[in-house]
Amino acid sequence: MTDTLNVGVVQSFPELKPPGVRFKYSERSDTKKAEMSDTFDCEFDQPNPITKLLRFCVSRTCYSSDQEDGERRRRFEEMQLLMQRGNSARK
């Protein structure tokens with residue numbers, strides 16, 4: 001875990017089915033956007049407002065509710081809870 005996340009270019013795809021978001025990031029604060037290589041991809045049930053996470057991938061590892069791997073399924077459930085908490089805090 002890290003307190004700092006340096007986010008690069010964010011790409012949004014609300015018109016796709018399912019809608020999604022992709023961005024590159026680095027845990028090092030001095031990394032230039034062009035040098036970022038770690039990628040985060042998310043798929044959602046609808047574009048606006050985002051209410052339910054369907055799947056997310058960190059670099060080449062993906063997580064979803066239908067994962068056979070129990071650890072990956074657990075990480076997906078944790079991310080869903082974190083997003084729900086964030087949505088509740090904004091209301």
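In what order do the elements of the chain run from the N terminus on? They go β-β-β-β-β-α, which adds up to 1 helix and 5 strands. Here helices (H or I, at least four residues) and strands (E, at least two) are DSSP runs, numbered from the N terminus. The model is predicted, so local features need pLDDT of at least 70 and side-chain atom pairs count only at pLDDT 80 or more, while totals for chains, interfaces and linings use all residues. Residues are numbered from 1 along each chain as its sequence is written, and side-chain values use heavy atoms, with hydrogens and water left out.

Now for the inside. Buried residues make up 23% of the 91 residues in the chain; buried means under 20% relative accessible area, exposed over 50%, and partly exposed in between (1.4 Å probe, protein chains only). The largest nonpolar core has 9 residues: Phe23, Tyr25, Phe40, Cys42, Phe44, Leu53, Phe56, Tyr63 and Phe76. Such a core is a set of buried Ala, Val, Leu, Ile, Met, Phe, Trp, Tyr and Cys residues joined through side-chain atoms within 4.5 Å. At least two residues of this core come from each of β2 (20-26), β3 (38-44) and β4 (53-58), and β3 gives the largest share, 3 residues.

Tyrosine 25 also has plenty to show. Setting aside neighbours within four places in sequence, its contacts include Leu5, Val7, Phe40 and Val58, where contact means heavy atoms within 4.5 Å. Valine 7 itself sits in strand β1 (residues 6-13) and is partly exposed, with a relative accessible area of 34%.
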